[in-house]
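Visitor: Could you zoom in on one part for me, starting with a spot on the outside and working inwards? I'm new to this one, so please explain the terms as you go.

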Amino acid sequence: MKSLIKIISFLIISFSASAFNWFPVQSYCQLNQGQGASCQVCNWQGYRPIFCRMNVVGRSSYGAFFNGFQQGWIYPGQCINCFVRANNPYYDPLVFANANAQCRF
């Protein structure tokens, strides 16, 4: 009986510990005519809200880097967006953007 209680306790602890691990989520970025970039992460995976942290990095044609950060709860079927904008899009437009998102339940 004691071994059964130990096994059940171990399973409960292991399931609760693994539920809060960070996992990567695919992001989608779109450049807006060199003026900036919009990146988004959506919760299409399940029926529970997830908490996400998203870092966005943009690079201009002359090599300047722009960073953006967004975090928050995403409910099922919803998305969060993060933006980066070029300082002078006519002289030095944005040519690249990428987002890295980590989420947990």
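Guide: Let's start with Tyr62, which counts as exposed, at 58% relative accessibility. (Exposed is over 50% relative accessible area, buried is under 20%, and partly exposed is in between, with a 1.4 Å probe and protein chains only.) Before we go further: this is a predicted model, so local features need pLDDT of at least 70 and side-chain atom pairs pLDDT 80 or more, while totals for chains, interfaces and linings use all residues. Residues are numbered from 1 along each chain as its sequence is written, and side-chain values use heavy atoms, without hydrogens or water.

What does Tyr62 pair up with? A search of the whole structure turns up four aromatic pairs. In one of them, Tyr62 is stacked with Tyr91, at 5.4 Å centre to centre and with 25 degrees between the planes. Tyr62 sits in the loop between β4 (50–60) and β5 (65–74), while Tyr91 sits in the loop between β6 and β7 (94–104), so the pair ties together parts that are 29 residues apart in sequence. (Rings of Phe, Tyr and Trp, the last by its six-membered ring, pair if their centres lie within 6.5 Å; planes under 30 degrees apart are stacked, over 60 edge-to-face, and the rest tilted.) Like Tyr62, Tyr91 is out in the open: its relative accessible area is 56%, which means exposed.

Now go from Tyr62 back to Ser60, which is found in strand β4. (Helices, H or I of at least four residues, and strands, E of at least two, are DSSP runs numbered from the N terminus.) Is Ser60 buried or exposed? Ser60 is buried, with a relative accessible area of 0%. Leaving aside the neighbours within four places in sequence, Ser60 is in contact (heavy atoms within 4.5 Å) with Phe66, Asp92, Pro93, Leu94 and Val95.

Stay with β4 for a moment and look at the sheet around this strand. Four strands make an open sheet in the order β1-β7-β4-β5, and the pairing is antiparallel. Its edge strands are β1 (23–25) and β5, each of which pairs on one side only. (Two strands pair if DSSP finds at least two bridges between them.) Strands of a sheet pair through backbone hydrogen bonds, either parallel or antiparallel. Over at the β1 edge, three bridges join β1 to β7 in the antiparallel sense. Val25, for example, stands opposite Ala101 in β7. Just past β7 comes the segment that holds Phe105, a residue that is partly exposed at 32% relative accessibility. Phe105 and Phe23 are 82 residues apart in sequence, yet their C-alpha atoms are 9.3 Å apart in space.

There's a second sheet to meet. Three strands form this open sheet in the order β2-β3-β6, again with antiparallel pairing. β2 (28–32) and β6 (79–85) are at the edges and have a single partner strand each, so one side of each has no neighbour in the sheet. β2 pairs with β3 (residues 36–42) over five bridges, and Cys29 has Cys39 in β3 as its bridge partner. On the other side, seven bridges join β3 to β6, with Val41 standing opposite Ile80 in β6. β6 shows two faces: Ile80, Cys82 and Val84 are on the covered one, while Cys79, Asn81, Phe83 and Arg85 are on the uncovered one.

That brings us to the inside. The largest nonpolar core has 19 residues, and those with the most contacts inside it are Val41, Cys52, Met54 and Val56. At least two residues of this core come from each of β3, β4, β5, β6 and β7, and β7 gives the most, with five. (Such a core is a set of buried Ala, Val, Leu, Ile, Met, Phe, Trp, Tyr and Cys residues joined through side-chain atoms within 4.5 Å.) Pick out Val56: apart from its neighbours within four places in sequence, Val56 is in contact with Cys39, Phe66, Asn67, Gly68, Cys82, Val84, Asn98 and Ala99. Phe66 also turned up among the contacts of Ser60.

Finally, step back to the whole chain. One helix and seven strands make up its secondary structure, running α-β-β-β-β-β-β-β from the N terminus on. Of its 105 residues, 29% count as buried. Among contacts with a separation of 6 or more, 65% join residues 24 or more positions apart. And one last stop for aromatic rings: Trp22, Phe51 and Trp73 form a single cluster.
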